[in-house]
Amino acid sequence: MFESFKDVLTVNEVCTALHLGKNSVYKLLQSGILQCIKIGKKYIIPKSFLIDFINQNR
C-alpha cells in the first residue's frame, strides 16, 4: 500500500494519497484522527501513520 510514496509524507502528499483537500487533511491532523509529527508549524506524516489511519477506518 502506498509503495510509490516516500517513508515520510507532507500534507500535500497525504492529500494526493487520500484524494482529499488540504483543509480536510489539516482537520484530521489537528484533531489527532490522523497522527503526525509537528515540527514548528510544519506537519510531517510517516507513511506508517497513514497506513494505520486507513486500517482503522475500514
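**Why these residues carry these labels**

Me: Where is H19 placed relative to α1 and α2?

Reply: H19 sits in the loop between α1 and α2, where helices are DSSP runs of H or I with at least four residues, strands are runs of E with at least two, and both are numbered from the N terminus. This is a predicted model, in which local features need pLDDT of at least 70 and side-chain atom pairs count only at pLDDT 80 or more, while totals for chains, interfaces and linings use all residues. Residues are numbered from 1 along each chain as its sequence is written, and side-chain values use heavy atoms, with hydrogens and water left out.

Me: Why is H19 called exposed?

Reply: The relative accessible area of H19 is 72%, and the label "exposed" asks for over 50%, whereas "buried" asks for under 20% and "partly exposed" covers what lies in between (1.4 Å probe, protein chains only). H19 is therefore exposed.

Me: What makes the phi of H19 worth a second look?

Reply: Most residues other than glycine have a negative phi. H19, just after α1, takes a positive phi of about 55°, although H19 is not a glycine. Just after α2, G32 also has a positive phi, of about 85°.

Me: Why does K47, a residue of helix α3, count as buried?

Reply: The relative accessibility of K47 is 14%, which is under the 20% limit, so K47 counts as buried. Leaving aside neighbours within four places in sequence, K47 is in contact (heavy atoms within 4.5 Å) with M1, F2, E3, F5, K6, D7 and L9.

Me: Why is Y26, in helix α2, called partly exposed?

Reply: Y26 has a relative accessible area of 30%, a value between the two limits, and is therefore partly exposed. Not counting residues up to four places away in sequence, Y26 touches V11 and Y43. The C-alpha atoms of Y26 and Y43 are separated by 8.9 Å, although these residues are 17 residues apart along the chain.

Me: How do you know that the buried residues of α2 line one face?

Reply: In helix α2 (residues 22-31), V25, L28 and L29 are buried. Seen down the axis of α2, these buried residues fall within an arc of 95° (taken from the directions from the helix axis to the C-beta atoms), so they line one face of the helix. On the other side of α2, N23, K27 and Q30 are exposed, and what covers the buried residues includes α1, β3 (42-46) and α3.

Me: What makes α1 a mostly covered helix?

Reply: Six of the eight residues of α1 are buried, namely V11, E13, V14, C15, A17 and L18. These buried residues pack against β1 (8-9), α2, β3 and α3.

Me: Which residues of α1 and α3 meet each other?

Reply: V14, A17 and L18 in α1 meet L50, F53 and I54 in α3.

Me: Which residues touch the most other members of the largest nonpolar core?

Reply: This core, a set of buried Ala, Val, Leu, Ile, Met, Phe, Trp, Tyr and Cys residues joined through side-chain atoms within 4.5 Å, has 16 residues, and V11, V14, V25, L29, L34, I45 and L50 touch the most other members. Two or more residues come from each of α1, α2, β3 and α3, with the largest share, five residues, from α1. Leaving aside neighbours within four places in sequence, the contacts of I45 include V11, V14, L29, L34 and L50.
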